[in-house]
Structure formats: structure tokens, C-alpha cells
Amino acid sequence: MTKTNQGNFFEDFSIGQVIRHATPRTVTAGDVALYTSLYGSRFAVQSSDAFAYAAGYSKAPVDDLLVFHIVFGKTVPDISLNAVANLGYAGGRFLSPVYPGDTLSAVSEVIGLKENSNGKTGVVYVRSTGYRSDGTEVLDYVRWVMVRKRDEASPAPDPIVPVLPDAIEADALGDACPILDNGEWDYDLSGSPWRFSDYEVGERIDHVDGMTVEEAEHQIATRLYQNTAKVHFNQHSEGQGRFGRRLIYGGHVISLARALSFNGLSNAFHIAAINGGRHVAPLFAGDTVYAWSGVREKAEIEGRTDVGALRLRTIATKNRPCADHPLTDYDGKYEPEVILDFDYWVLLPR
Amino acid sequence: MTKTNQGNFFEDFSIGQVIRHATPRTVTAGDVALYTSLYGSRFAVQSSDAFAYAAGYSKAPVDDLLVFHIVFGKTVPDISLNAVANLGYAGGRFLSPVYPGDTLSAVSEVIGLKENSNGKTGVVYVRSTGYRSDGTEVLDYVRWVMVRKRDEASPAPDPIVPVLPDAIEADALGDACPILDNGEWDYDLSGSPWRFSDYEVGERIDHVDGMTVEEAEHQIATRLYQNTAKVHFNQHSEGQGRFGRRLIYGGHVISLARALSFNGLSNAFHIAAINGGRHVAPLFAGDTVYAWSGVREKAEIEGRTDVGALRLRTIATKNRPCADHPLTDYDGKYEPEVILDFDYWVLLPR
Amino acid sequence: MTKTNQGNFFEDFSIGQVIRHATPRTVTAGDVALYTSLYGSRFAVQSSDAFAYAAGYSKAPVDDLLVFHIVFGKTVPDISLNAVANLGYAGGRFLSPVYPGDTLSAVSEVIGLKENSNGKTGVVYVRSTGYRSDGTEVLDYVRWVMVRKRDEASPAPDPIVPVLPDAIEADALGDACPILDNGEWDYDLSGSPWRFSDYEVGERIDHVDGMTVEEAEHQIATRLYQNTAKVHFNQHSEGQGRFGRRLIYGGHVISLARALSFNGLSNAFHIAAINGGRHVAPLFAGDTVYAWSGVREKAEIEGRTDVGALRLRTIATKNRPCADHPLTDYDGKYEPEVILDFDYWVLLPR
């Protein structure tokens with residue numbers, strides 16, 4: 001029996017199966033510095049202990065997406081090593097702020113299985129949860145991936161497809177955000193005067209700036225998350241693959257778009273939920289990422305007068321500025337430069 | 001009204017105007033490790049808590065230039081987003097040692113304005129100050145930049161040009177350096193036996209080594225400083241620009257030259273002041289940086305017998321070793337390989 | 001007299017000479033994060049304070065190879081600046097776990113000298129020791145390098161060649177490993193169920209994955225170790241050198257192979273000793289590194305029932321997967337893709 005991990009195939013998953021993922025990870029100030037250096041994020045709460053403390057945190061929390069990437073990375077060897085495609089996310093909630101020194105682990109439960117009609121692959125739905133070493137949950141989300149079968153002759157399981165929400169309900173937001181002392185929120189230091197009340201549903205914001213990605217950068221980022229998917233790292237094999245190139249981890253694009261969104265959303269300091277996301281097209285080293293955001297919904301959170309929630313749809317493109325808010329063409333197909341369509345809730349001071 | 005930052009134009013500045021810059025930043029051991037990894041600096045005081053403590057610091061202070069870059073980065077979105085050129089620095093003083101855990105912010109005051117005769121641009125002089133969240137100042141310096149006018153028809157302000165010192169006075173040096181216990185200075189660990197008394201005015205030192213810069217490296221560095229100037233990051237737009245390339249942040253060159261200068265100036269542990277600096281020519285990825293230094297002045301500091309000050313002129317070149325101390329040709333023009341002419345004070349044990 | 005370090009030549013070394021190397025270095029969480037981001041290592045003990053504490057450490061120790069690289073880097077300016085070749089390692093022992101906050105220094109003693117018959121170079125053997133600022137030793141190892149003579153006419157010293165062990169004795173292992181509480185070892189979190197008793201002498205393990213190396217990555221790594229060997233950094237000079245390329249630090253390959261070896265050796269949490277190593281061929285940016293390991297010996301450690309030791313031979317290749325365990329051809333010559341042959345002891349829970 002081989003001692004190397006071959007990853008799970010479609011037949012290896014069963015409904016209700018719980019997988020405890022390897023390699024717990026203590027998040028440190030070193031991870032935070034690397035995250036800043038890879039994306040250039042400038043949100044004041046995550047950048048300054050003093051700002052965060054004045055606002056109501058105990059100190060600067062770790063960027064929400066760094067938490068997401070670390071938890072996601074742990075699931076890769078068990079869930080998606082034999083994945084053909086990462087099909088979607090839903091129902092992602094940030095449940096508790098994470099600080100340097102916290103140790104994160106991840107567990108996944110199989111909540112859906114459906115073999116594809118070709119008999120070669122199937123779709124696996126998992127709910128993955130990130131938690132601290134004391135057991136408190138910090139994040140959970142659903143993702144579904146298309147996974148190869150080990151043996152095409154093996155029988156199909158009874159199909160079970162979970163019902164997933166289009167979006168997290170507003171009242172379920174805010175668990176990872178302390179009650180803010182808005183009187184202490186310094187709008188010079190945070191980067192703009194625009195707060196919750198200044199944004200309107202339907203508003204579109206071009207984030208203006210662009211960022212070119214290098215091979216070393218996405219590899220350094222993806223290894224930081226201990227994400228082992230070989231398509232990101234192995235030019236020797238990928239050179240003979242579908243694209244002839246290493247594929248950049250989709251989460252890298254999400255983090256780039258989020259960092260660019262500071263220009264126009266400086267006070268949107270916290271991602272409270274991930275409603276859904278689609279990696280529309282691949283990104284490769286040498287490409288330049290731009291982004292724009294549309295405001296889909298505004299919501300108050302029951303019992304909270306300190307913050308309000310914006311539901312955003314952030315679109316990232318490659319090699320195309322976003323002043324004209326590129327999205328779909330007349331047939332409803334994505335414009336060729338669109339690489340990410342990301343739907344999430346952010347919190348802002350009211 | 002747009003929510004994205006368009007940057008200030010020449011007309012937006014007025015004498016006496018004070019701008020509090022966004023995104024306070026807690027400096028951490030993570031930033032220090034990245035700084036080491038990007039430049040390979042080997043000065044013992046900044047590398048070792050034990051060495052720094054024996055010398056008189058509470059622990060290893062953050063590299064002076066890392067402090068400079070962080071403060072400088074904060075000023076970019078407000079001061080130089082529409083700058084045509086970064087014309088110069090003067091009067092830079094390091095006022096207090098910075099340690100991991102300190103939170104830095106920056107404020108700038110407009111101290112000079114002069115419209116250019118073409119009516120299209122003007123020069124803006126600002127004094128920028130970096131300070132801790134408790135209000136103590138850690139750095140101040142003057143820089144002047146050429147900024148575009150929003151509207152060429154707008155009237156010129158009364159020209160005011162500040163009087164700037166050629167160099168900081170020696171007795172104003174040393175605020176960021178504790179009284180050293182020279183008996184504890186270990187010249188094996190610091191890397192050479194050469195102390196203040198061993199250097200002579202007029203001496204020229206070739207720093208020998210060369211360092212090739214990669215795109216990923218200068219981007220990682222510049223994002224670490226949260227410096228958003230798009231010329232450093234966006235190949236999609238810069239590819240159609242003046243150079244067809246991303247331009248490397250000038251401060252990256254200063255840090256490379258400083259790290260190279262360890263070979264010949266191992267005991268010059270602290271930059272006490274920046275008298276002036278000129279980015280003579282641009283640096284691009286793939287180029288190799290070399291450096292040499294000349295000793296312009298030697299000075300004792302009133303009341304201090306522990307350290308002395310050397311006023312250095314460090315010249316960095318690209319793709320040319322510095323054994324022959326390249327600088328200017330017979331007409332007084334810089335040699336084509338010279339990229340940096342940097343005038344500053346360093347402290348050494350006496 | 002020049003103030004720049006020209007490095008030592010063969011004539012500068014004498015038997016019994018002790019060299020205290022420059023630049024003590026406080027290891028931090030920042031270094032650990034960078035190490036993770038450069039290699040993607042996933043061993044649970046080094047990744048998680050909580051896992052390490054449960055096992056018996058006070059918190060997550062620094063990766064053994066990061067300690068090795070830092071100590072090695074310090075020796076370069078004094079030992080190998082004028083080296084023609086790094087010939088070998090032997091007798092390396094890890095003596096005490098290193099934690100973030102520890103300050104490391106290095107000292108070397110010359111234990112062997114032998115001039116080559118060409119009269120142009122000689123072999124220098126040194127025992128280098130890394131120690132904390134409190135004097136406790138954390139690592140020692142022997143290496144030998146071929147160094148140029150300053151003057152071919154200078155007389156040869158009496159040849160002295162130290163007797164070096166083929167391998168560290170099993171009972172000398174384990175000093176840097178606390179007594180483990182094996183009941184607390186969580187085999188889900190550590191990544192596999194395979195413990196000491198599951199491995200057999202003669203077993204060969206393909207580590208499956210490959211990792212492509214970029215120029216920025218190996219430069220960032222090698223500077224992090226404050227290793228100044230110019231062949232790694234200066235394309236301007238190396239472009240005219242033997243390979244026309246920057247040569248990747250051999251230690252970078254060792255760390256890549258170790259990180260890849262997690263897949264198949266997840267519970268081999270600690271490198272206890274380095275018996276020997278040979279950099280068979282050079283690695284350059286753009287190449288993809290693969291690795292496989294063979295089990296040479298199994299050993300119990302006197303007085304310890306918690307851990308057992310495997311003596312491994314890990315082979316790294318470039319641009320060739322290792323499913324067929326490439327090593328030597330019928331003439332006993334290394335296959336052309338083999339770049340590293342590394343012999344070391346690892347500890348696993350029993």
C-alpha cells in the first residue's frame with residue numbers, strides 16, 4: 001500500500017462523511033506581513049492594532065480572506081486533489097475574528113453527491129468549517145467540485161443535492177465583528193469619508209488601479225496557504241497540460257480584487273459573508289488584474305446600530321480597465337476579459 | 001461624486017495645508033523578515049535582539065529605511081498620485097527608534113508651491129512626519145514633486161519656495177540612537193573592525209557585490225510599504241507608457257544600496273539623517289545594482305562620546321561594477337549607469 | 001587597506017583556527033512564515049503551536065532546515081567566498097529545538113587542510129556550530145570546500161584530513177526532540193497514519209509532486225538566510241560565468257525536497273542529523289524539482305520509547321518525475337536529472 005496521498009476519488013465520498021484535514025496552522029504576524037506584501041491591502045482595521053483597538057477589536061484581526069485561504073488550503077489534499085473543476089461556493093460566513101497566535105484547523109462534511117451522466121465524474125458538495133484549537137468556529141462555507149471516479153464501472157450513489165442559499169441573510173452577519181465604537185472611527189486614517197449611508201443599491205464603482213501578477217507571487221501566496229494543488233506549482237507537468245501554463249489559484253484573484261476595492265470602498269472593513277463566487281476564466285502570470293464593484297443590496301443588521309451591510313458583486317478582469325464595468329455581452333455571456341464574479345457581504349460603519 | 005481617489009492636483013494644495021494620510025500601520029516581526037529577505041541586509045543591530053540589547057537598545061530596532069518607506073508610502077495617494085516626477089528630498093531626520101509593535105501614521109504639511117512656466121504643472125513642497133499612535137515623532141523629511149494641474153486655466157498661486165538645508169547639522173543627529181555601551185560592541189559579530197576613527201573624509205569604498213532585481217521582488221517590497229503608485233505595478237498600462245516597463249520604486253534602490261554598503265561599512269549601524277537624494281535614472285527588473293560610497297564629512301555629536309557621524313554619498317549603478325567609483329563625466333553629467341545619488345548621515349561606534 | 005571583505009583564501013586558514021562569524025540573527029515568526037511561503041512545508045509540529053504543545057514542545061519549533069540555512073549563511077563570508085566548490089557535508093547534528101525569539105550565531109573551527117596537486121586550490125574542512133545568545137548549541141556540522149589560493153607560489157601546509165563518520169550514531173540523535181506524548185499525536189492532523197513501525201529498510205517512496213522555482217523565490221530565500229554568495233544574486237556577472245545563469249543555493253533544493261517529502265513521510269517531523277549531502281548538479285530558475293526517498297536504516301534510540309529514527313536517502317531531480325526512483329545508471333554515474341543526494345536521520349512517533 002502506498003504511503004503517498006493519491007487524493008480521494010468520487011467513490012471515496014459518502015453522504016455524512018466527516019473528514020478532519022491535516023496540518024493545523026498557527027497564524028502569525030509573519031503571515032499578515034506576507035499577505036500585505038502580496039496584495040497591498042490598505043484597510044485600516046487589518047493594518048493597525050491601534051485603529052482596530054479604538055474601533056472595538058482587541059487588536060488588528062487577520063484579513064478575512066487570509067483566513068479563508070488557510071482553511072481552504074487544508075481541504076485541498078482530501079477534497080480536490082482529483083478535481084476536474086472547482087464549481088462554486090455558497091453560504092460562507094465569518095463567525096469569529098481571527099488574531100495572530102490563533103491556530104486554525106479545518107473539517108469538511110460531505111453534504112451532496114451526484115454522479116455525472118458521463119459516468120466518469122461526479123459532483124461532491126462539502127461544508128467546510130475552520131475552527132480554532134479551542135474548538136470555536138471561525139468560518140464555514142459550502143463548495144462543490146467535480147471529481148474523477150477511480151473506476152468508471154463503479155455504481156452511482158443516490159443523487160443528493162443540497163439546497164443552498166442565494167445569499168446569507170443579513171441578520172446572520174456580524175458574528176466576526178465586535179460592536180464598533182463609531183465615535184472612534186477616524187475617516188482620515190481609514191482612507192475616505194464614505195460610510196454605509198453613502199452607498200446606494202445599483203451604484204457601480206470602478207476601482208481604477210491594476211495589478212500585474214508574477215509567477216513567484218502567486219506561488220508564494222498559495223504555498224503560504226499550504227494549498228498543494230499541483231496546477232499552481234508545476235510548470236514541468238502543466239507545460240504539457242490544457243493551458244501550457246501554471247494556473248493561478250482562484251483565491252489569489254479574490255484577494256487582488258478585494259485589495260483593489262479599497263479605492264472606492266475604504267470603509268468596507270470586513271467581509272462578513274461569501275454568498276457565491278465563480279472563477280469565470282483562468283488567470284496566468286503576466287496578466288494585469290482590474291476590478292469594479294456593484295452594490296446589490298443594503299441591509300441593516302438586527303440589533304446593531306454600529307454597522308450596516310452592503311451586498312457587493314465584485315467583478316475582476318484581466319488586461320482590461322473597468323471604467324465601463326465590463327460584465328456580460330448581449331447574449332448574457334461573460335465578456336472575455338472577465339475572470340471573477342464574486343458575491344459577498346461587507347460591513348461598514350453607519 | 002466619485003468615491004474613488006483621483007489624487008490631488010496642483011490646485012488642490014495650499015500653503016499651510018495639513019493632510020493626515022490614510023492607513024496607520026503596525027510594524028511587526030513579519031515586516032522585518034520580509035525586509036531582510038528582499039535586501040539581505042546584515043547590520044547586527046537590526047538583525048539581533050541580543051546584539052541590540054547589549055549595545056543599548058531595548059531590542060532590535062526596525063531598519064531605518066523600512067520606517068522611511070512605510071511613512072513615504074502613506075503619503076503617495078495624497079501627494080504624488082498625479083506627480084510627473086519626484087524631484088528631491090531634504091532635511092530628513094530619524095527621531096526615535098521604531099520597534100516591532102509600534103503603529104506608524106503620517107501627516108504632511110504643504111510648505112511650498114510654485115507653478116511652472118508652462119502653466120501645466122507645479123512644484124509642491126511638503127514636510128511629511130511619521131509618528132507613533134502615541135504621538136511621538138519617528139521621522140520627518142521634506143520632499144518636492146512636480147504635480148499636474150487639473151485645469152491649465154486656473155490661476156497660479158503666489159510662489160513660495162522653502163529654504164532647505166544642504167545637510168542636517170551634526171548636533172541634530174542621534175535622537176533615534178540610544179547611548180551605546182561601546183564596551184559591549186562585538187566587532188566580530190558586527191562584521192568588521194572599522195569604527196568611526198578608521199574612516200577619512202575623501203575615502204571611497206566600493207561595496208563590491210551586485211544584486212539583480214526581479215519584478216516580483218520590487219512589487220512585493222512596494223506593496224509591503226502600501227505604496228500605491230501605479231507605475232510600479234501595472235504592466236498593462238506601463239507597457240504603453242514612457243518606458244514600456246514597470247518602473248521600480250526609487251526607495252527600493254536606496255535599500256539595495258544600503259544593504260550592499262554593509263561590505264565596507266559594517267559598523268555604520270544607523271541612518272541618522274537623509275540630507276538629499278536624487279533618482280538619476282530609472283531601474284527596471286533584470287538590472288543588477290552595484291554601489292559605492294564616498295565619505296563627505298566626519299562629525300562628532302555634541303555631548304556624545306559613544307558614536308560619531310559620517311556624512312556619506314552613496315552612488316548606485318545598474319549593470320556596472322563600482323571599482324572605479326563611477327559618478328560624472330568630464331562635463332559634470334552623470335555616467336549613464338548611475339541611478340542614485342544619495343547623501344545621508346550614518347552613525348558608527350567611536 | 002581595503003575595508004571590504006575579500007574573503008579568505010586557502011593560505012588564510014590554519015588548523016585549529018576559530019572564526020566567529022558576523023551578524024547574529026533573531027529568528028522570528030516572520031522568518032517562519034516566509035519559510036512556509038517559499039517551500040509550502042506542511043509538517044504539523046512546525047506549523048501549529050497547539051499541535052507542538054500537545055506533542056511535548058513548548059510551542060512550534062522553527063523548521064530544522066531554516067536553522068541550518070541561517071547558520072550556514074553566516075559562515076559564507078568567511079569560509080566560502082572564494083570557494084570553487086562546496087564539496088560535502090558530514091556529521092551534522094541538531095542539538096536543541098529553536099523557537100521564534102531565539103538569537104542564533106555561528107562559529108567555525110578549521111579541522112582539516114589539504115592543498116590540491118595543481119597548487120592553485122586547496123580543500124578546507126571546518127566544523128561549524130550554531131548557538132544561541134545564551135551559549136547553548138543548536139547545530140553542528142562539518143563541511144569541506146575547495147578554496148582558491150591567493151598566491152600559487154605560497155607553500156602547502158602539512159595535509160590534515162579529518163576522519164568523518166559515514167553517519168551519526170543512532171544514540172546521538174534526539175537531543176533537539178523533547179520526549180513526545182504519543183497519546184496526543186493526532187494522525188489526522190499530522191497528515192497520515194504511517195508511523196515508525198510502518199516503514200521498512202529498502203522501501204522507496206516517490207513524493208509525487210513537483211515544484212517549479214522562480215528567480216525571485218530563491219533570491220528571497222537565500223537573502224533571508226543572509227547568505228551572500230554572489231553566484232546566487234548577480235546576473236550581470238553570472239551571465240558571463242560558467243553557466244550564464246544565477247546558480248540556486250543548494251540548501252534551497254534540500255528544503256524543497258524536504259517539503260515535497262511530506263507526501264509519504266508526513267510523520268517524519270524532525271530532522272535529527274545530516275549524515276552527508278551532495279549537490280550532484282546545479283539547479284536554475286524555471287526548473288521543476290521532484291524527489292523520492294529510500295529508507296536506508298531503522299534505529300531505536302537508547303532510552304526512548306516515544307520516537308524511532310529512519311535513515312533516509314532523499315534524491316531530488318529536475319524536470320523528471322520520480323516514480324521510477326532515478327539515481328544512477330549502469331556505470332554508477334548519477335542520472336543526468338539528479339541534482340541532490342541527501343543522507344539524513346528523521347524521527348517519527350513509534
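Guide: A helix axis here is a line fitted to C-alpha atoms over the stretch in contact, and angles run from 0 to 180 degrees between N-to-C directions. The model is a predicted one. With that in hand, take helix 1 (residues 29–39) and helix 4 (residues 64–79) of chain A: their axes lie 11 Å apart and the packing angle is about 110 degrees.

Visitor: Why are helix 1 of chain A and helix 4 of chain A called roughly perpendicular?

Guide: Roughly perpendicular covers 65 to 115 degrees. The angle of about 110 degrees falls in that range, so the term applies to this pair. On the helix 1 side of chain A the contact is made by A:Asp31, A:Val32 and A:Tyr35, and on the helix 4 side by A:Leu65, A:Leu66 and A:His69.

Visitor: How do those contact residues divide by class?

Guide: Four are nonpolar, one is polar and one is charged. Asp belongs to the charged class, and Tyr counts as nonpolar.

Visitor: Let's turn to chain C. What makes helix 1 of chain C roughly perpendicular to helix 8 of chain C?

Guide: The axes of helix 1 (residues 29–39) and helix 8 (residues 250–260) of chain C cross at roughly 75 degrees and come within 9 Å. An angle of roughly 75 degrees is between 65 and 115, which is why the pair is described as roughly perpendicular. The contact brings together C:Tyr35, C:Leu38 and C:Tyr39 from helix 1 of chain C with C:His252, C:Ser255, C:Leu256 and C:Ala259 from helix 8 of chain C. By class, that contact has five nonpolar, two polar and no charged residues.

Visitor: How do you know that helix 8 of chain C is largely enclosed by the rest of the structure?

Guide: Eleven of its eleven residues are buried, so the description follows. Among them are C:Gly250, C:Val253, C:Ile254, C:Arg258 and C:Leu260.

Visitor: Which chains does the contact between the two copies of helix 6 join, and why is that packing called oblique?

Guide: It joins helix 6 (residues 215–224) of chain A to helix 6 of chain B, with axes 8 Å apart and an angle of about 60 degrees. That angle is over 35 but below the 65 where roughly perpendicular begins, so the two helices are oblique. Chain A contributes A:Ala216, A:Glu217 and A:Ile220, while chain B contributes B:Glu215, B:Ala216, B:Gln219, B:Ile220 and B:Arg223. The contact has four nonpolar, one polar and three charged residues.

Visitor: What makes helix 6 of chain B largely enclosed?

Guide: Ten of the ten residues in helix 6 of chain B are buried, and therefore the rest of the structure largely encloses this helix. The buried residues include B:His218, B:Thr222 and B:Leu224. Following the helix comes B:Gln226, with a positive phi near 55 degrees.

Visitor: Why is C:Ser154 called buried?

Guide: Buried means under 20% relative accessible area, and C:Ser154 has 15%, so C:Ser154 qualifies. C:Ser154 sits in the loop between strand 6 (137–148) and helix 5 (187–190) of chain C. Apart from neighbours within four places in sequence, C:Ser154 is in contact with C:Glu11, C:Glu115 and C:Lys149.

Visitor: And why is B:Arg350 called partly exposed?

Guide: Its relative accessible area is 28%, which lies between the 20% limit for buried and the 50% limit for exposed, so partly exposed is the term. B:Arg350 is in the segment after strand 12 (338–349) of chain B.

Visitor: What does the side chain of B:Arg350 reach?

Guide: The side chain of B:Arg350 reaches the backbone oxygen of B:Arg304 at 3.1 Å, and the cut-off for a polar contact is 3.5 Å. Setting aside neighbours within four places in sequence, the contacts of B:Arg350 include B:Asn182, B:Tyr187, B:Glu300 and B:Asp306.

Visitor: How do you know that chains A and C are related as by a three-fold rotation axis?

Guide: Chain A superposes on chain C by a rotation of 120 degrees with 0.0 Å of shift along the axis, at an RMSD of 0.0 Å. The two copies are thus related as by a three-fold rotation axis. In chain A, the C-alpha nearest that axis belongs to A:Gly30, 2.2 Å away.

Visitor: Why are chains B and C said to meet through different surfaces?

Guide: Only 9% of the interface residues of chain B are also interface residues in chain C, so the surfaces differ.

Conventions:
Residues are numbered from 1 along each chain as its sequence is written. Chains are lettered from A and ligands numbered from 1 in the order in which they are written. This is a predicted model: local features need pLDDT of at least 70, side-chain atom pairs count only at pLDDT 80 or more; totals for chains, interfaces and linings use all residues. Side-chain values use heavy atoms; hydrogens and water are left out. Helices (H or I, at least four residues) and strands (E, at least two) are DSSP runs, numbered from the N terminus. Buried means under 20% relative accessible area, exposed over 50%, partly exposed in between (1.4 Å probe, protein chains only). Contact means heavy atoms within 4.5 Å. A polar contact is a pair of N or O atoms within 3.5 Å; within protein, one must be able to donate a hydrogen and the other to accept it, and residues adjacent in sequence count only if both atoms are side-chain atoms. Copies are superposed by least squares on the C-alpha atoms of residues with pLDDT of at least 70 in both. Angles under 35 degrees count as roughly parallel, over 145 as roughly antiparallel, 65 to 115 as roughly perpendicular and the rest as oblique.
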